[in-house]
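This report describes selected local features of one protein model. The sequence and structure come first.

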Amino acid sequence: MHRFADLKIRHKLLLGYSAIFILSSILASTTIYHFVRGTIEANIESELQNTTNTILNMVRNAATVSIKNYLRAVAEKNRDIAKAYYEQYVSGQLTESQAKEMASRVLLSQTIGKTGYIYCLSSEGIIVNHPVEALMGADLSKYPFIQEQKRHKVGYVEYDWQNPNETHSRAKALYMTYFAPWDWIISVSSYRLEFNELINVDDFRDSILSLKFGQTGYSYVIDSKGNLILHPKLEGVNILNEADAEGREFVRELINKRSGKITYSWKNPGEAYRREKLVLFNY
């Protein structure tokens, strides 16, 4: 302080301006750093969010296509079964009532997913085959989805339904085809909550796993039980109880939140150490 006091005014100004310049540069650098870092992070999150939304739509569309194709294949197969018994009737091997009864037995013996089933109705909306006996012969034309079935006879329909022995309605979907000789609209129906039993993951595996971020970032799909449905390294593995380096059960957090973003530390097989990761996710 004594040395500074003894300095000439010119030297004092030089030191003062230098100190101000250095402090200003540090403050400016810090401000620029935080601004640039924030901008980069926002851009990265925006890219991840957009890709997550793309994946969500990709899975949804692929699932719908898989379900439609599955239900359609079952419907057409059962139309062929009905046709085979009809031909036995035409050839005289069976009476028509025997042929219908045997065909009905085969159709009603099948389950679609866990609790879905096959039913048939006439072009007038009358139920002619159904696993719930109370609905046999019922006219269900008042329901919009039955009206759509009567109009089109072939195609895919989504609707809500409650059987007489059930406590509430559930979302369903069906694919229907038509067997004209017996006026049967053969309907293969499944509850939409059970669609995971019908989805073929191969329909969208390559599309999702091909999405990369930076050098080592990737996309993955996990279900609500912690099973990795799609993953470049750990497909088919359950990671529900996994925790990061701090003991945080980030998988349970991700499943409970269902949408949003979290950061966690993770080490894939073949990697030397854990790294901090950012994931944006949607359900």
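The text below covers a sheet, a helix packed on a sheet, a second helix and two loop residues.

This is a predicted model: local features need pLDDT of at least 70, side-chain atom pairs count only at pLDDT 80 or more, and totals for chains, interfaces and linings use all residues. Residues are numbered from 1 along each chain as its sequence is written, and side-chain values use heavy atoms, with hydrogens and water left out.

**The five-stranded sheet**

Helices (H or I, at least four residues) and strands (E, at least two) are DSSP runs, numbered from the N terminus. Two strands pair if DSSP finds at least two bridges between them. By these criteria five strands form an open sheet with antiparallel pairing, in the order β2-β1-β5-β4-β3. The edges are taken by β2 (127–129) and β3, each with a single partner strand, so one side of each is left without a neighbour in the sheet. On average, neighbouring strands of this sheet are turned by 35° against each other, direction ignored. Two bridges join β1 (residues 117–121) and β2 in the antiparallel sense; C120 has N129 of β2 as its bridge partner.

Helix α3 (residues 96–108) lies across β1, β2 and β5 (184–191), and runs at about 15° to β5. Axes are lines fitted to C-alpha atoms, for helices over the stretch in contact (heavy atoms within 4.5 Å), and angles run from 0 to 180 degrees between N-to-C directions.

**Helix α6**

Buried means under 20% relative accessible area, exposed over 50%, and partly exposed in between (1.4 Å probe, protein chains only). In helix α6 (residues 250–257) the buried residues are F250, V251, L254 and I255. Seen down the axis of α6, they fall within an arc of 140°, so they line one face of the helix; the arc is that of the directions from the helix axis to the C-beta atoms. Among the elements that cover these buried residues are β8 (221–222), β10 (260–266) and β11 (275–281).

**Two loop residues with positive phi**

Most residues other than glycine have a negative phi. K153 has a positive phi although it is not a glycine, and R258 likewise has a positive phi without being a glycine. R258 comes just after α6.

| Residue | Phi | Loop | Relative accessibility |
|---|---|---|---|
| K153 | about 70° | between α4 (144–152) and β3 (155–161) | 21%, partly exposed |
| R258 | about 70° | between α6 and β10 | 40%, partly exposed |
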